[in-house]
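Good morning, and thank you for coming. I would ask everyone to look at the structure on the screen while I go through its parts.

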Amino acid sequence: MAPLPPDLAARVAARLDRQHRVLLGITGPPGAGKSTLAESVVTAFDGAVYVPADGFHLADAELTRLGRLDRKGAIDTFDGHGYLALLQRIRARPSHTVYAPAFHRDLEQPIAGSIPVPPDARVVVTEGNYLLDDDEPLPAVRAVLDEVWFLDVDRDERRRRLIKRHMQFGKTSEQAQAWVRDVDDPNADRIEACRHKADLIVELPV
């Protein structure tokens, strides 16, 4: 994992000088490298915690009931209100540990109670596709976060990464390409339309 660029580290550190806890959001299209950047931020600050929005994917059983399994990753396949409630608890800095769900890629399912956010955690990094979207409750999610960075990446590189990822988790090359075309690309277009709302556009070397 590449270290966090000094300008980004300085930006977070400046906020830590002014407040006890920093909630940083990282957004961008699928395949942009959001989780990698989030992990770089966490590595750069002692006691920092990474809380991905992917932990709020609806379970496959519920997506099947709703008829949405074939477009998993779209904005209405997440529990947005649950995600907001968690961030509000973290923002409130309770005296007890707050537990967040993780997302297990091997299972393609959320796993509850996986990520502890202790009371003394000063940096909490969350990343997700739709942090800047206008659909409820995403504006309230944005209001809880101190900053949101938009991670930019070349479209062809992003698609290459996604195809590779889908194949690693069981799809054939043809299935992976079809999923990127029919699901990931439309989601990416929606996410890109909100980039102007970000506090910072981040471009990292490939």
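In helix α7, the buried residues are A176, W179, V180, V183, D184, D185, N187, A188 and I191. Please keep in mind that this is a predicted model. As a general point, an α-helix has 3.6 residues a turn, so residues three or four places apart point the same way. What covers the buried residues of α7? The cover includes strand β1, strand β6 and helix α6, the last of these spanning residues 155–168. Helix α7 itself runs from residue 173 to residue 192, and at V180 it bends by about 40°. V180 is thus a residue to note twice, as the site of that bend and as one of the buried residues.

Let me turn to the sheet. How many strands form it, and in which order? There are 5 strands, arranged as β2-β5-β1-β6-β7, in an open sheet with parallel pairing. At its edges are β2, residues 49–50, and β7, residues 200–203, each of which pairs on one side only. Within the sheet, β1 (residues 22–27) and β5 (residues 123–127) run parallel and are joined by 5 bridges. One pair to look for is G25 with its bridge partner T126 in β5.

Across this sheet lies helix α2, residues 34–44. The strands it lies across are β1, β2, β5, β6 and β7, and its direction is at about 175° to β5. Helix α2 also contains T43. Is T43 buried or exposed? T43 is exposed, because its relative accessible area is 59%, and the cut-off for exposed is over 50%. The C-alpha atom of T43 is separated by 8.0 Å from that of P3, although the two residues are 40 apart along the chain.

There is also an antiparallel pair. Strand β3, residues 98–104, and strand β4, residues 109–117, pair in this sense over 6 bridges. H104 stands opposite Q109 in β4. The two strands form a hairpin with 4 residues between them, and there E108 takes a positive phi near 60°. In general, strands of a sheet pair through backbone hydrogen bonds, either parallel or antiparallel.

Finally, I come to the annotation. In an unreviewed entry, UniProt lists residues 24–203 as "domain: Phosphoribulokinase/uridine kinase". Over those residues the chain is 39% helix and 21% strand, and the C-alpha atoms at the two ends are 17 Å apart. Thank you for your attention.

Technical notes
Residues numbered from 1 in each chain as written. Predicted model: local features only at pLDDT ≥ 70, side-chain atom pairs only at ≥ 80, totals over all residues. Heavy atoms only, no water. UniProt positions renumbered as here; feature names shortened; annotations may be inferred. Pairing = 2+ DSSP bridges. Contact = heavy atoms within 4.5 Å. Axes fitted to C-alpha atoms, helices over the stretch in contact; angles between N-to-C directions. Bend = angle between axes of the 7 residues up to and from the residue. Buried < 20%, exposed > 50% of the residue type's maximum accessible area, 1.4 Å probe, protein only.
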